[in-house]
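Biologist: Got a minute to walk me through this one? I'd like to start with the whole chain and then poke around its surface.

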Amino acid sequence: MTEETPGFEEKPDVPTDAETAEAQPGGTDGSATSPGARRAEGAGPGAAGNGDANSPLSGRLDETRKALEERTKDLQRLQAEYQNYRRRVERDRVAVKEVAIANLLTELLPVLDDVGRARDHDELVGGFKSVAESLETVVAKMGLMQFGKEGEPFDPLIHEALMHSYSPDVTETTCVQILQPGYRIGERTIRPARVAVAEPQPGASAAQGKEGEKSDEKQADGDDGGPSSAGSADAGGSDASGSAKPGPAGSGGAAGGETDSGGPDEG
């Protein structure tokens, strides 16, 4: 036999269902909530908001926003590069087209020169005339323009001087003869005009300047009463011998009432 110690009563460690139901304020119905749920409900909206601010979800949202901004900037850079690429390709395409047209027209320039010489000699007649005019129309549509005229000032950028001479009829270096016309496409010169130029005489400008000075001096002497007007003294004055000269007609006795002999006038 075992002896039991009086005054001690053994209780189970796990509470029974009845004790659990009595401990809860809701009783034994199904509406009772656990203490953890009551703490969550009593926290309120403010407590939930503070918890979200420090939650991992907020950090992931910030990372997503930063990634979106970076992708947006990358897309903008890519779009700008694409626009620059399009403009560069268009510019290159235009340049290649202009070079191809210039090369083609350069090969046709000798033919146009032959047409021009035939026209100068009145040999551009019949079917040959129709073909030549059609060719000139086509090259004009492609942008080919002819330049170079007699009498225009010499410009070394668009003219090529093959002959040189002096002429008193020009005041500056002038194109006096067009040996071959020049051609250009827009602002691009594909062949300069080959011309004969004439310059003023080396001493012509100095001689003209001296003649102008002499004429000015003569005009000034006439205006100031120089030697050319020395003999035009007023009538009635005295000559070099001191004798009195008769005054002009109708002077009203400007001689002072004396006769030529010097005596008094008897009348």
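**Chain and pocket**

Modeller: Sure. Bear in mind that this is a predicted model. Of the 267 residues in the protein chain, 12% are buried, with buried meaning under 20% relative accessible area.

Biologist: And how much area does the protein chain expose, and what share do carbon and sulfur atoms supply?

Modeller: The exposed area of the protein chain is about 21400 Å². Carbon and sulfur atoms supply a share of that, and it comes to 52%.

Biologist: What pattern does the protein chain follow along the sequence?

Modeller: There are five helices and six strands to place. Reading along the sequence, you get α-α-α-α-β-β-β-β-β-β-α.

Biologist: Among contacts between residues at least 6 apart in sequence, what percentage join residues at least 24 apart?

Modeller: Take the contacts in the protein chain that span at least 6 positions in sequence. Those joining residues at least 24 apart make up 61%.

Biologist: Now the largest pocket: which element gives the most to its lining?

Modeller: That pocket has a volume of about 440 Å³. Its lining counts 19 residues, and L112, G116, Q146, P181 and Y183 are the closest to the centre. Two or more lining residues come from each of α3 (56-120), α4 (126-141), β1 (144-147) and β3 (174-180). The top contributor, with seven residues, is α3.

Biologist: How many residues in the lining of the largest pocket are nonpolar?

Modeller: Sorted by class, four lining residues are polar and five are charged. The nonpolar ones number 10.

Methods: Residues are numbered from 1 along each chain as its sequence is written. This is a predicted model: local features need pLDDT of at least 70, side-chain atom pairs count only at pLDDT 80 or more; totals for chains, interfaces and linings use all residues. Side-chain values use heavy atoms; hydrogens and water are left out. On a 1 Å grid over the protein atoms alone, a cavity is a set of points where a 1.4 Å probe fits but cannot get out, and a pocket is an open set with protein on both sides within 12 Å along at least five of seven lines; lining residues have an atom within 4 Å of a point. Grid points are joined across faces, edges and corners, and a volume is the space filled by probe spheres set on the points. Helices (H or I, at least four residues) and strands (E, at least two) are DSSP runs, numbered from the N terminus. Ala, Val, Leu, Ile, Met, Phe, Trp, Tyr, Cys and Pro count as nonpolar, Asp, Glu, Lys and Arg as charged, and the others, Gly among them, as polar. Buried means under 20% relative accessible area, exposed over 50%, partly exposed in between (1.4 Å probe, protein chains only). Contact means heavy atoms within 4.5 Å. Accessible areas come from the Shrake-Rupley method with a 1.4 Å probe; for residues, only the protein chains shown count as cover.
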